[in-house]
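Colleague: Please give me a close look at the second largest pocket. I would like one connected account that also takes in its surroundings.

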Amino acid sequence: MWHYEVSVWIANRKGEYLLTKRASNKDFNPNKWGIVAGHVLSGEDNISAIERILKRELNLTKQNYSFKTLMDKFL
């Protein structure tokens, strides 16, 4: 069994990164600041997971952003 997760680093054109604060009622790291992340569901690819997580966590849709993967930096 595997547990697969993606992390999303969101930066604006100035190079500033977005951090989110976890709710105080969370069991894991309440009130802590961090990046957007989430689990990849069974049968889901990384990009679909990122799109789903951005919609759920920040209400962002494909029209609101463009992104590059880490692999884009190496290609």
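Modeller: Happy to! By class, this pocket's lining has 7 nonpolar, 5 polar and 8 charged residues (nonpolar being Ala, Val, Leu, Ile, Met, Phe, Trp, Tyr, Cys and Pro, charged being Asp, Glu, Lys and Arg, and polar the others, Gly among them). Please bear in mind that the model is predicted, that local features need pLDDT of at least 70 and side-chain atom pairs 80 or more, while totals for chains, interfaces and linings use all residues. Numbering starts from 1 along each chain as its sequence is written, and side-chain values rest on heavy atoms, without hydrogens or water.

The second largest pocket holds about 540 Å³ of space. A pocket is an open set of points on a 1 Å grid where a 1.4 Å probe fits, with protein on both sides within 12 Å along at least five of seven lines, and lining residues have an atom within 4 Å of a point; the volume is the space filled by probe spheres set on points joined across faces, edges and corners. The lining takes in 20 residues, and Arg22, Ile35, Val36, Ala37 and Glu57 are the closest to the pocket's centre. Two or more lining residues come from each of strand E2 (20–21), strand E3 (33–34), strand E4 (36–39) and helix H1 (46–58).

Those elements are DSSP runs, at least four residues (H or I) for a helix and at least two (E) for a strand. The chain has 2 helices and 4 strands, in the order β-β-β-β-α-α from the N terminus. Confidence varies along it: pLDDT, the predictor's confidence from 0 to 100, averages 84, and 87% of the residues score at least 70. By element, the mean is highest for E3, at 94, and lowest for helix H2 (residues 70–74), at 51.

Val36 leads from the pocket into the interior. Besides being among the residues closest to the pocket's centre, Val36 belongs to the largest nonpolar core, along with Val6, Val8, Val40, Ala49, Ile50, Ile53, Leu54 and Tyr65. Such a core joins buried Ala, Val, Leu, Ile, Met, Phe, Trp, Tyr and Cys residues through side-chain atoms within 4.5 Å, with buried meaning under 20% relative accessible area, exposed over 50% and partly exposed in between (1.4 Å probe, protein chains only). H1 gives the most to this core, 4 residues, and strand E1 (5–8) also gives two or more. Leu54 is in contact (heavy atoms within 4.5 Å) with Val8, Ile10, Val36, Asn59, Leu60 and Tyr65, leaving aside neighbours within four places in sequence. Across the 75 residues of the chain, 15% are buried.

Ile35, also among those closest to the pocket's centre, leads to Trp9 instead. Not counting residues up to four places away, Trp9 touches Ile35 and Tyr17. Trp9 sits in the loop between E1 and E2 and, at 59% relative accessible area, is exposed. Its C-alpha atom is 8.6 Å from that of Leu19, 10 residues apart along the chain.

Finally, E2 and E3, which both help line the pocket, are linked by a loop that holds Asn29 and Asn31. Asn29 has a positive phi of about 50° without being a glycine, and Asn31 has a positive phi near 65°. Asn29 is partly exposed at 33% relative accessibility, and Asn31 is partly exposed at 40%.
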